[in-house]
Amino acid sequence: SLQLGSFASAENAQRGFETANAQYGAALAEQTLYVQPVDLGSRGVFHRLRIGGFETLPQASAACASLGIASADCMIVSATQL
C-alpha cells in the first residue's frame, strides 16, 4: 500500500481523502483509498491516508512515482498488503 499522508484528526484525514480522490481518483480507480487510525501513544491517534490494492511492488512504485510528479506526498508502506 501507499501512504499519502498522516493526520492528527479524523476530520483532516477525511478532507485529505476527498482531496486525493478528486485529484488522483482516475489514476487510482482500481485501488482502494482508506484511512487507517494508529495509536502513537503519547503523541495521540493519527489517521493515515493509504491506497491499497496493488498486485505487485513495481505497480505500487509506478503509482507513487506518477503521483510524485503531481507533487503528492507518497511513500510505499507495505509490500505485504499490495
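A charge is taken to sit over a ring if NZ of Lys or CZ of Arg is within 6 Å of the ring centre and within 35 degrees of the ring normal. I began with that rule in order to look up charges over rings in this predicted model.

**Entry 1: rings**

I found that Arg43 lies over the face of Phe46, at 5.4 Å from the ring centre. I then looked for pairs of aromatic rings. I noted that such a pair is described by the distance of the centres and the angle of the planes. For this structure, the count of aromatic pairs came to zero.

**Entry 2: the sheet**

I next asked in what order the four strands of the sheet stand. I read the order as S2-S3-S1-S4, in an open sheet with antiparallel pairing. I noted that S2 and S4 stand at the edges with a single partner strand each, so one side of each has no neighbour in the sheet. As background, I recorded that strands of a sheet pair through backbone hydrogen bonds, either parallel or antiparallel.

I then went through the pairings one by one. Strand S2 covers residues 32–39 and strand S3 covers residues 45–52, and eight bridges join these antiparallel strands. Within this pairing I found Gln36 opposite Arg48 in S3. The hairpin of S2 and S3 has five residues between the strands, and there I saw that Gly41 takes a positive phi near 65°.

Strand S1, residues 2–7, is joined to S3 by five bridges, and the two run antiparallel. I recorded Arg48 in S3 as the bridge partner of Ser6. Arg48 therefore appears twice in my notes, because it stands opposite Gln36 and is also the bridge partner of Ser6, while S3 itself lies between S2 and S1 in the order S2-S3-S1-S4.For S1 and S4, I found two bridges in the antiparallel sense. Gln3 stands opposite Met75 in S4.

**Entry 3: two residues of S3**

I looked up His47, which lies in strand S3. Is His47 buried or exposed? I found His47 buried, with a relative accessible area of 13%; the cut-off for buried is under 20%. A polar atom of the His47 side chain lies 3.4 Å from the backbone nitrogen of Ala10. Leaving aside residues up to four places away in sequence, I listed the residues that His47 touches, among them Gly5, Ser6, Phe7, Ala13, Val35 and Pro37.

I turned next to Arg50, which is also found in strand S3. Arg50 counts as buried, at 10% relative accessibility. With which side chain does the side chain of Arg50 make a polar contact? I found that partner to be the side chain of Gln36, at 2.8 Å. Residues up to four places away in sequence again left out, Arg50 touches Ser1, Leu2, Gln3, Thr32, Leu33, Tyr34, Gln36 and Val77.

**Entry 4: the disulfide**

I noted that a disulfide is a covalent bond between the sulfur atoms of two cysteines. How many disulfides does the structure hold? I counted one. This disulfide joins Cys64 to Cys74, with a distance of 2.3 Å from S to S. Cys64 lies in helix H2 (residues 57–69) and Cys74 in the loop between H2 and strand S4 (75–76), so the pair ties together parts that are ten residues apart in sequence. The torsion about the S-S bond is about -140°, so I entered the disulfide as left-handed. I closed the entry by recording that Cys64 and Cys74 are both buried.

Notes
Residues numbered from 1 in each chain as written. Predicted model: local features only at pLDDT ≥ 70, side-chain atom pairs only at ≥ 80, totals over all residues. Heavy atoms only, no water. Phe/Tyr/Trp six-rings, centres within 6.5 Å; stacked < 30°, edge-to-face > 60°. Disulfide = S-S within 2.5 Å. Buried < 20%, exposed > 50% of the residue type's maximum accessible area, 1.4 Å probe, protein only. Pairing = 2+ DSSP bridges. Polar contact = N/O pair within 3.5 Å; in protein donor to acceptor, adjacent residues only side chain to side chain. Contact = heavy atoms within 4.5 Å.
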